[in-house]
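Work through the exercises below with the sequence and the model side by side, trying each task before reading its solution.

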Amino acid sequence: MKDVREQARWTRARLGRCGPPLDLLTARFNRHEYAPHAHDEFTVGVTVGGLEAIAYRGGRIVSGPGSLVVLEPGEMHTGGPAAPDGYSYRALYAAPALLTDGTRGGGGGLPHFREPVLDDPELAAALRSAHTDVSTCPDPLEAESRIPWLLTALARRHSTARADDTAVPGAAAVAHAVRDRLADELLAPPSLAALGADLGLSRYQLLRAFRTTMGVPPYAWLAQYRVARARALLDAGLRPAEAAGLVGFADQAHLTRWFRRVLGVTPAAYRNSVQDSTGRPGRDFPA
């Protein structure tokens with residue numbers, strides 16, 4: 001019989017279409033003890049429940065609910081429960097370059113985190129939310145819009161790296177150019193790294209220009225644009241599953257998630273209400 005107290009699930013997302021992979025781990029352990037090991041990437045985790053004990057840099061650290069944990073590349077460590085009830089956490093494994101974009105020196109020396117356990121409730125909540133959403137639906141543009149931005153914030157707030165806030169020239173024009181490319185290629189949007197290279201900018205600079213001008217990150221803007229396109233297709237009588245594929249959502253569930261966020265109802269409920277108001281016979285579809 002499977003022990004529900006010992007669970008681990010890996011998800012691999014892409015940072016942009018054809019971009020590099022990013023591994024995410026969702027785990028709950030009551031007894032499991034990791035053997036000493038190290039990673040080539042930064043390990044960035046959020047403790048969700050319980051207490052975890054980690055042997056690290058010759059000492060023992062303990063993280064509790066809401067704590068951020070950052071383990072640097074090449075550092076040997078272990079991990080296990082620090083209390084009888086075990087612990088649960090979300091972790092991602094980030095290539096060093098994801099933490100150097102947006103800091104002075106860019107691809108130079110790695111940021112150093114003097115303290116591996118950090119108290120930053122706002123950033124911990126944002127990383128946990130992004131981890132959950134990307135693990136549930138590994139949309140490449142969403143992963144690339146959210147994860148690198150938050151990792152840069154982590155480095156800027158808590159490491160030895162210094163922020164690089166050099167103004168992006170023509171930020172509004174950059175944002176509008178990116179918006180137009182995303183709208184034109186909504187079925188297979190280009191990666192932000194590729195768009196940045198075309199414009200002579202880093203991914204972080206592109207994200208900052210877009211967020212400042214449009215008020216939302218690129219994946220959120222594109223999702224709202226897709227919802228508007230899907231709404232028109234539902235008005236024309238298409239089923240939600242058909243509309244989802246035609247506007248670039250992964251599936252009907254992905255469409256439903258965003259349709260409810262933007263319009264407050266499911267695509268099926270919206271379609272039925274439109275049919276009823278126009279006198280066309282309504283049909284029930286799964287929400």
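The exercises below treat a helix face, the nonpolar cores and the enclosed cavities.

The model is predicted, so that local features need pLDDT of at least 70 and side-chain atom pairs count only at pLDDT 80 or more, whereas totals for chains, interfaces and linings use all residues. Residues are numbered from 1 along each chain as its sequence is written, and side-chain values use heavy atoms, with hydrogens and water left out.

**Exercise 1.** Determine which residues of helix 8 are buried, and how they are placed around its axis.

Solution. Begin with helix 8, residues 240–247 (helices are DSSP runs of H or I with at least four residues, strands runs of E with at least two, both numbered from the N terminus), in which Pro240, Ala243, Ala244 and Val247 are buried, that is, under 20% relative accessible area with a 1.4 Å probe and protein chains only. Next, look down the axis of helix 8: the buried residues fall within an arc of 105 degrees, so they line one face of the helix, the arc being that of the directions from the helix axis to the C-beta atoms. Finally, pass to the residue that follows helix 8, Gly248, whose phi is positive, near 100 degrees.

**Exercise 2.** Find which members of the largest nonpolar core touch the most other members, and which helix gives the most to this core.

Solution. A nonpolar core is a set of buried Ala, Val, Leu, Ile, Met, Phe, Trp, Tyr and Cys residues joined through side-chain atoms within 4.5 Å. The largest has 32 residues, of which Val178, Leu182, Phe249 and Trp258 touch the most other members. Helix 7 (218–235) is among the helices that each supply at least two residues, and with eight residues helix 7 gives the most to this core. Then take Trp258: leaving aside neighbours within four places in sequence, Trp258 is in contact (heavy atoms within 4.5 Å) with Tyr219, Ala220, Ala223, Val227 and Phe249.

**Exercise 3.** Identify the residues that line the largest cavity, and divide them by class.

Solution. The lining consists of Asp139, Leu141, Glu142, Tyr219, Leu222, Ala223, Arg226, Phe249, His254 and Trp258. Two or more of the lining residues come from each of helix 3 (140–158), helix 7 and helix 9, and helix 7 gives the most, with four residues. By class, the lining residues divide into six nonpolar, one polar and three charged.

Notes
Buried means under 20% relative accessible area, exposed over 50%, partly exposed in between (1.4 Å probe, protein chains only). On a 1 Å grid over the protein atoms alone, a cavity is a set of points where a 1.4 Å probe fits but cannot get out, and a pocket is an open set with protein on both sides within 12 Å along at least five of seven lines; lining residues have an atom within 4 Å of a point. Ala, Val, Leu, Ile, Met, Phe, Trp, Tyr, Cys and Pro count as nonpolar, Asp, Glu, Lys and Arg as charged, and the others, Gly among them, as polar.
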